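The following exercises invite the reader to examine a protein model step by step. Each task is followed by a worked solution.

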Amino acid sequence: MSVRTQTSEPAAHRSGFACFVGRPNAGKSTLTNALVGQKVAITSNRPQTTRHSVRGIVHRPEAQLILVDTPGLHKPRTLLGERLNDVVRTTWAEVDVIGFCLPADQKLGPGDRFIVKELAGIKKTPKVAIITKTDLVDSKTLAEQLIAVDQLAQELGFEWAQIVPVSVVGDKQVGLVADLLIPLLPEGPPLYPEGDLTDEPEQVMVAELIREAALEGVRDELPHSIAVVVEEMLPRTDRPADKPLLDIHANVYIERSSQKGIIIGPKGKRLKEVGTKSRKHIEALLGTPVFLDLHVKVAKDWQRDPKQLRKLGF
């Protein structure tokens with residue numbers, strides 16, 4: 001009797017798109033950044049700050065996972081809100097796997113049900129439930145949340161492909177999220193060159209970093225009223241090759257003249273801080289020294305005006 005030795009085939013390379021969905025402020029952008037290992041999505045402790053589908057790319061020897069970050073799905077009150085919801089639904093229809101993010105420290109609410117109900121309608125795409133911010137609760141509360149999210153799917157007639165608890169603080173299980181998403185991707189070659197972390201145009205990312213710095217400290221006054229447009233990014237011509245400088249001219253748009261003072265601050269102090277803070281992040285992102293020129297402009301009620309929305313890139 002001859003014994004055949006089995007040669008194990010090398011596993012096929014997988015590549016594809018995953019997106020994180022959930023209520024505003026469910027930890028989607030923070031999780032994207034932690035998985036990619038670099039800041040690619042704007043994070044803020046204020047809900048509703050992500051406006052673009054920022055892609056973060058996770059490179060593994062056996063796979064390439066491309067993360068698409070969508071705005072939080074919510075009941076829209078403005079034209080901008082409606083556009084953001086459309087962006088979410090379009091993204092869901094085009095990805096290979098969907099991660100539903102739910103914070104461990106907040107009870108399942110009507111907003112979550114609204115999203116999971118929408119997910120139940122997307123039949124073919126596998127869905128993973130990710131319980132975020134687990135560092136904020138004890139094990140009993142976490143267990144209750146895991147059961148609640150499992151039951152909700154059952155009520156709506158589908159099953160999660162996986163349910164995973166995670167905390168970006170202390171890096172608990174972050175790698176496991178990628179481990180669970182990758183087998184759900186289709187087989188295929190890498191879609192992006194090794195080393196790329198995002199395909200978002202640099203200008204858009206620079207605008208997002210400025211916007212993130214501008215949002216900080218104006219808490220509830222202006223959460224959605226700020227838009228940033230980078231007008232130009234040009235290398236300074238008279239610089240020696242070993243001392244480059246990039247000139248960036250950007251406009252910070254708000255909706256009303258009365259908001260100008262909030263952004264600029266007494267004697268321009270606040271705008272200066274925004275410039276200093278965002279410049280550091282921009283230099284880290286682009287790997288070159290930057291001269292940042294910021295101006296604050298009023299685009300009256302831009303969130304409700306289709307023409308202004310187009311001009312500001314929505």
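A residue is called buried when its relative accessible area is under 20%, exposed when that area is over 50%, and partly exposed in between. The model examined here is predicted.

**Exercise 1. Describe the overall make-up of the protein chain.**

Solution.
- Step 1: Take the secondary structure. The protein chain contains nine helices and nine strands.
- Step 2: Take burial. Of the 314 residues, 47% are buried.
- Step 3: Take the contacts. Among those with a separation of 6 or more, 71% join residues that are 24 or more positions apart.
- Step 4: Take the surface. The chain exposes about 16,200 Å², and carbon and sulfur atoms supply 52% of this area.

**Exercise 2. Determine whether the length of helix α4 agrees with expectation, and establish how its residues are arranged about its axis.**

Solution.
- Step 1: Helix α4 covers residues 139–155, which is 17 residues. The expected span is 1.5 Å times one less than the number of residues, so the helix should span 24 Å. Its end C-alpha atoms are 24 Å apart, in agreement with that value.
- Step 2: The buried residues of α4 are Leu142, Gln145, Val149, Leu152 and Ala153. Viewed down the axis of α4, they fall within an arc of 95 degrees, and therefore they line one face of the helix.
- Step 3: The face turned away from this buried side carries Ser139, Lys140, Gln154 and Glu155, which are exposed.
- Step 4: The packing partners of the buried residues of α4 are β4 (97–103), α3 (110–120), β5 (127–132) and β6 (162–165).
- Step 5: Following α4 comes glycine 157, with a positive phi near 80 degrees.

**Exercise 3. Classify the aromatic pairs of the structure and state which residues form a cluster.**

Solution.
- Step 1: The structure holds two aromatic pairs.
- Step 2: In the pair of phenylalanine 100 and tryptophan 160, the ring centres are 5.7 Å apart and the planes meet at 5 degrees. Planes under 30 degrees apart count as stacked, so this pair is stacked.
- Step 3: Phenylalanine 100 belongs to strand β4, and tryptophan 160 to the loop between α4 and β6; the pair therefore ties together parts that are 60 residues apart in sequence.
- Step 4: Phenylalanine 100 has a relative accessible area of 0% and is buried. Tryptophan 160, at 7%, also counts as buried.
- Step 5: Phenylalanine 158 and tryptophan 160 make an edge-to-face pair, with 5.1 Å from centre to centre and 75 degrees between the planes.
- Step 6: Phe100, Phe158 and Trp160 thus appear as one aromatic cluster. Lysine 127 lies over the face of phenylalanine 158, at 5.5 Å from the ring centre.

**Exercise 4. Compare the burial of helices α1 and α6, taking each in turn.**

Solution.
- Step 1: Helix α1 (residues 28–36) has seven of its nine residues buried, so it is largely enclosed by the rest of the structure. Lys28, Leu31 and Val36 are among them.
- Step 2: Just after α1, glycine 37 has a positive phi of about 85 degrees.
- Step 3: Helix α6 (residues 202–215) reaches 20 Å from its first C-alpha to its last, close to the 20 Å expected for its 14 residues.
- Step 4: Eleven of the 14 residues of α6 are buried, so this helix too is largely enclosed by the rest of the structure.
- Step 5: The buried residues of α6, including Met205, Glu208 and Leu215, pack against β7, β8 (246–254), α7 (260–264), α8 (269–286) and β9 (290–298).

**Exercise 5. For lysine 133 and lysine 267, state the location, the phi value and the exposure.**

Solution.
- Step 1: Lysine 133 is in the loop between β5 and α4. Its phi is positive, near 60 degrees, although the residue is not glycine.
- Step 2: The relative accessible area of lysine 133 is 25%, so lysine 133 is partly exposed.
- Step 3: Lysine 267 is in the loop between α7 and α8, and its phi is positive, near 55 degrees.
- Step 4: With a relative accessible area of 89%, lysine 267 is exposed.

Technical notes:
Residues are numbered from 1 along each chain as its sequence is written. This is a predicted model: local features need pLDDT of at least 70, side-chain atom pairs count only at pLDDT 80 or more; totals for chains, interfaces and linings use all residues. Side-chain values use heavy atoms; hydrogens and water are left out. Helices (H or I, at least four residues) and strands (E, at least two) are DSSP runs, numbered from the N terminus. Buried means under 20% relative accessible area, exposed over 50%, partly exposed in between (1.4 Å probe, protein chains only). Contact means heavy atoms within 4.5 Å. Accessible areas come from the Shrake-Rupley method with a 1.4 Å probe; for residues, only the protein chains shown count as cover. The arc is that of the directions from the helix axis to the C-beta atoms. Rings of Phe, Tyr and Trp (its six-membered ring) pair if their centres lie within 6.5 Å; planes under 30 degrees apart count as stacked, over 60 as edge-to-face and the rest as tilted. A charge sits over a ring if NZ of Lys or CZ of Arg is within 6 Å of the ring centre and within 35 degrees of the ring normal.
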